[in-house]
Amino acid sequence: MIYLKTDDEIELLRQSNLLVGRTLAEVAKLIKPGVTTRQLDKCAEEFIRDHGAVPTFKGFKSPYGPPFPGAICASVNDEVVHGIPNDIPLKEGDVVSIDCGTLLNGFCGDSAYTFCVGEVDPEIVELLKTTKKALYVGIENAVHGKRVGDIGCAVQDYCESHSYGVVRELVGHGIGKEMHEDPPVPNYGKKGTGPLLKKGMCIAIEPMICQGSRQVYMMDDGWTIRTRDRKMAAHFEHTVAIGIDKADILSSFEYIEQVLGDRAI
Ligand code: MG
Ligand code: MG
């Protein structure tokens, strides 16, 4: 069941998603060699709760293991998504994808950004840049009258033209009062296929892109998704509302990029 949102509901979704953007910016302030993802998680949870919201990831249930313990997913290097915050210090040259979700005034926010820790190999920076660009290439297709497959096809073509692997096992999703609503929004697909996009639909688009092969597996913790070939992965995510001529991006990287300044990719 795909729920179309009213303009008022879209504004509530925007508030929640802007809080996610501001939370990611708080996290961005701390990212440097030596910091642990548990410290990042604590910062995010405090910021979310201080702003009257709830971290939706915390306690999220999985059929594969215990509920998710963190307020953020922190996925380092060859971890693609769903990394559990831990006490291992980040080191120079790492990349860390931070995914964050909030519930504010009854509506969900969901957005993710992959950060460099200090100086990162230019080839890996290129992966990050391409994944971020792929997100916007996908968003260009998030317009009334197109289909979900148009988004996936655009993301896939763009990333595969750079010889990167596009993860199939995890996908974007509808979003609203629930973090995961219909329809699923794959990062691969065929033009003109899948559910019709209509004004008022709100979806999270989230390319998960691998430097090498697209093959991934779940670690024994029941959460962390990792590349099989141990090459790097990147993940960027925006929540958007389908518009008549263009998508309305409800989340924001602006706060993050203000913090990163000329270190923004
Ligand atoms: Mg997310
Ligand atoms: Mg999501």
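Which residues of α3 are buried? Keep that in mind while you open the model, which is a predicted one.

**Stop 1: helix α3.** Select residues 122-139, the 18 residues of helix α3. From first C-alpha to last, helix α3 reaches 26 Å, close to the 26 Å expected at 1.5 Å a residue. Now colour its buried residues: Ile 124, Val 125, Leu 127, Leu 128, Thr 130, Thr 131, Lys 132, Ala 134, Leu 135, Val 137, Gly 138 and Ile 139. An α-helix has 3.6 residues a turn, so residues three or four places apart point the same way. Next, go to the start of α3 and show Asp 121, where a side-chain oxygen comes within 2.7 Å of the backbone nitrogen of Glu 123.

**Stop 2: the magnesium ions.** Select ligand 1, a magnesium ion whose protein donors come from Asp 99, Asp 110 and Glu 237. These donors lie 2.0 to 2.5 Å from the ion, and Asp 99 is listed with two OD entries. Along the chain the donors follow the spacing D-x10-D-x126-E. Asp 99 sits in strand β4 (residues 95-104) and Asp 110 in strand β5 (residues 107-116). Add ligand 2: Asp 110 bridges this magnesium ion and ligand 1, and the two ions are 3.1 Å apart. Asp 99 counts as buried because its relative accessibility is 7%; Asp 110, at 2%, is also buried.

**Stop 3: the cysteines.** How many disulfides are there? The count is zero, with a disulfide taken as two cysteine sulfur atoms within 2.5 Å. Select Cys 43: the nearest cysteine sulfur, that of Cys 100, is 9.7 Å away. Then select Cys 100, whose nearest cysteine sulfur belongs to Cys 73, 9.1 Å away. Cys 43 is buried at 17% relative accessible area, and Cys 100 is buried at 0% relative accessibility.

Terms used:
Residues are numbered from 1 along each chain as its sequence is written. Chains are lettered from A and ligands numbered from 1 in the order in which they are written. This is a predicted model: local features need pLDDT of at least 70, side-chain atom pairs count only at pLDDT 80 or more; totals for chains, interfaces and linings use all residues. Side-chain values use heavy atoms; hydrogens and water are left out. Donors are N, O and S atoms within 2.8 Å of the metal (3.2 Å for Na, K and Ca); water is not among the atoms, so sites may look incomplete. Helices (H or I, at least four residues) and strands (E, at least two) are DSSP runs, numbered from the N terminus. Buried means under 20% relative accessible area, exposed over 50%, partly exposed in between (1.4 Å probe, protein chains only). The expected span of a helix is 1.5 Å times one less than its number of residues. A polar contact is a pair of N or O atoms within 3.5 Å; within protein, one must be able to donate a hydrogen and the other to accept it, and residues adjacent in sequence count only if both atoms are side-chain atoms.
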